Amino acid sequence: MDEKYFPEKIEEKWQRVWAETGAFEVEPGDDTDARPKFFCLEMLPYPSGFLHMGHVRNYSIGDALAWHKRLQGFNVLHPIGWDSFGQPAEQAAIKRGVQPREWTEENIAHMREQFKRIGISFDWRREMAAHRPEYYKWDQWFFLKMLERGLIYRRTSPINWCPKEETVLSNEQSSGGVCWRCGTPVEKRDLEQWFIRTTEYAEALLADMKEIEAGWPERVLTMQRNWIGQSVGAYVDFPVKDSAAKVRVFTTRLDTIYGATAIVVAAEHPLLNELEESPLKERVKAFVARIKAERASRAGNAPGEEEEKEGVNTGLFAVNPFSGEQLPVWVANYVLIEYGAGAVMAVPAHDERDFEFAQKYSLPVRRVIERISHAQESIPHTEAAGLDQSVAMPHAFTDYGILVNSAEWGGKLSQDALREMAAYAEEKKFGGGAVTYRLRDWGISRQRFWGAPIPIVYCDDCGIVPVPEADLPILLPERAEFTGAGKSPLATNEEFVNTSCPKCGRAARRETDTMDTFVDSSWYFFRYCDPQNDAAPFDPARAAYWTPVDQYIGGIEHAVMHLLYTRFWTKMMRDIGLVTFNEPVRNLLTQGMVTNVVEGTGEWKAMSKSLGNGVDPDEMIEAYGADAVRLFVMFAAPPENELRWLETGIEGAVRFLRRVYNFLWRWRDDLTGATGAPGITPDAGDFSDAARALRRKTHQTIARITQDFSELHFNTSIAALMELLNALGDFDVTPAAATEGDRFAVREALEALVLMLAPFTPHAAEEMWESLGHAGGLLGSGARWPVADAELARKEALEIPVQINGKLRGRIQATPDTPEDELREAALADEKVRAHMEGRQVVKVIVVPQRLVNIVVR
């Protein structure tokens, strides 16, 4: 240990030691290994080329927890990999003339070195990358397994299309409704694509949330519930007049069906094909084209709640099977083909959206639900008016109530009518009870090169043929030509496309779509358990030891895509026998963003290159050291909150580390053997008052930080460490004058301080631990997280005098931080005090904290 704190020298030393000793390499425990396992995981990064401060924060959080669990005696798996497929690599290929594979591998190499320089404690042997064949082979294997089970199918679906570049665009590439390269307005076109039936697991995705409620943020669970969007109601088929067609409507308010005054369908609804003879055909076609174009400009997003509702009468009529009434069929922008059946029955009196639409287009408003009290007082339980009645209402009445104007259903409560009317529809075979979900099947086809090839062959004689498992992986070509226009480079690569049919051996064509990158990230943490397996995605026995993940850390932006898909994927793997549980992640932490001021605006925004407010971690490490950077990002804010970047905060972290280091340097030669034989503590009489106070502070700090770690309160843990260092600084004894008890108390405090610093500043902690005489490093020496002595951690009791009208009448015991109201209650409850108060009235109680309680009586 040098006299001065030189972070660069210390960090290089311990990174070298960790690598040479395999300090963080782990294997599953056997029957003789009593250690509990802990799988600590941060969401894997995209290899964009450079780590940013958001990465530093995310992985510092996970690393702190991994170190803490190791020191507690857990067998900790802490792996890393790369979400390395995706569009940015193709964009780089177009802009820079480099191959995606070369660009990706160079970025991984650079980011790997950055991770090592920060000192994150990964088991690098388990590193995986989605773009490497040994990984995406198993993406293809899973595709085939789901195809066998009927969980994958092919259908036509709209895509974003640039007519000038003649290419498919992602939602990001068509933001604002124009092509990202040429600015041409984007069109919607239909294309055959592959889908995974995530809807098959919709009910399980909802029901199994009870297993993770205790460990996941409620915000994430709410977002997933809303995304899955379960609706319990009924479906009703409305026959189209003068046609064999029917319009199926799903509704949660079947009790309002007599109030329906129109049927409204989505712009993509197949019923619109019935308009061939309609005089309104051209008007409807123009409206539909405009709505589709506007949706393309939103890159497929749903219309906003505040968007003005627009529609056109198609000229068609549909018959209400309950009443026999003919209802006009409209097409409108507020109905989406993705939700329900792509059609709604418009009930303006009892739905806000329908009410707004009816007001604009003068549709009848027919009230069929009354408040129970009003209905019972003024409306008999019989039909009160004809179906042509339209009433003036200031707004829709959306509550449940009692039915009116509803034929034989009039007078029934909504809750009863919902059940009975659904049963009636089922009996008459035009409807019935149903549960629908907002969740849609997962479209995994991507018309791009840089993704896992889909293992399908198209044969003119045999049709769609899956590639045999023995032929996997289907390899991406080593090189491709990228122009940004026309078909995907994969589709124009004849060597890739042209193949033979696995069934008949004749000429055939490969599928040229690749898989959505969310496929790669849906199961990657299972591969960490067995990363070199070339016979299966992973050994179920190894996965059974390590999974589920005990702590997962990542951004809230992944709440309803990645996190939902990985929950689905786990259930699918359960059903094919790879795992035995329902949920992949026990505990989830969604960390906040790192923000910085945008120059010239004064606004705090998430760091980004485009805004010019990014901070290079390499520069900060060069200036202050990795430990100081890590300490700052863990101390500046609770992990789930936004972290505002302040370089002065890193300077404070450096000062703190220097103070710890310098204090230990002054005492280190006098602490050798200060703890005596193992388990031997000096007699109580050997401790001065100052030493006893220091020991009390040490054990209080251990208890506090141990509790904070269990709740992931890292910033308060660091604050407690700073308080302990202050207590050491206030210990008014020099090393030369120290007694045996003094040296014991100082060493005990320093060892606890160093051990509890390790999760935040592992390099400095290793150096100081070694200086305290422990060989082999923190993990090699068998160091363990300190355990608080409950008796020592108890706050010292004070004896508080209790006076009555200024005369001493008793004493109570209390700690220095006992609140005033508790002191007041304790004084009034004391037996001696009560005896002197008998028959007298308390006027007031005066409390002087830590000093006295004076009760005024008369």
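Is E822 buried, partly exposed or exposed, and at what relative accessibility? In this predicted model, E822 has a relative accessibility of 46% and therefore counts as partly exposed, since that class lies between the limits of 20% for buried and 50% for exposed residues. E822 belongs to helix α26, which covers residues 820-829. Together with E820, D821 and E825, E822 forms a negative patch on the surface.

The chain as a whole comprises 858 residues, of which 52% are buried. Its secondary structure consists of 27 helices and 32 strands. The C-alpha trace extends over about 105 × 90 × 60 Å along the principal axes.

A hairpin is formed by strands β29 and β30, with two residues between the strands. Strand β29 spans residues 798-804 and strand β30 spans residues 807-814; the two are paired in the antiparallel sense through seven bridges. Within this pairing, I800 lies opposite I812 of β30. In the same hairpin, N805 adopts a positive phi near 50 degrees.

A further acidic residue, E27, is located in the loop that links α1 (7-21) with β1 (37-42). With a relative accessibility of 37%, E27 is likewise assigned to the partly exposed class. The C-alpha atoms of E27 and Y545 are 9.8 Å apart in space, although 518 residues separate E27 from Y545 in sequence.

Note on methods:
Residues are numbered from 1 along each chain as its sequence is written. This is a predicted model: local features need pLDDT of at least 70, side-chain atom pairs count only at pLDDT 80 or more; totals for chains, interfaces and linings use all residues. Side-chain values use heavy atoms; hydrogens and water are left out. Patches are made of residues with over 30% relative accessible area and no salt bridge: like charges are joined within 9 Å, nonpolar side chains (Val, Leu, Ile, Met, Phe, Trp, Tyr) within 5 Å. Accessible areas come from the Shrake-Rupley method with a 1.4 Å probe; for residues, only the protein chains shown count as cover. A salt bridge is a side-chain nitrogen of Lys or Arg within 4 Å of a carboxyl oxygen of Asp or Glu. Lys and Arg count as positive and Asp and Glu as negative; His and the chain ends are not counted. The place of a charge is taken as NZ of Lys, CZ of Arg, CG of Asp or CD of Glu. Helices (H or I, at least four residues) and strands (E, at least two) are DSSP runs, numbered from the N terminus. Buried means under 20% relative accessible area, exposed over 50%, partly exposed in between (1.4 Å probe, protein chains only). Two strands pair if DSSP finds at least two bridges between them.
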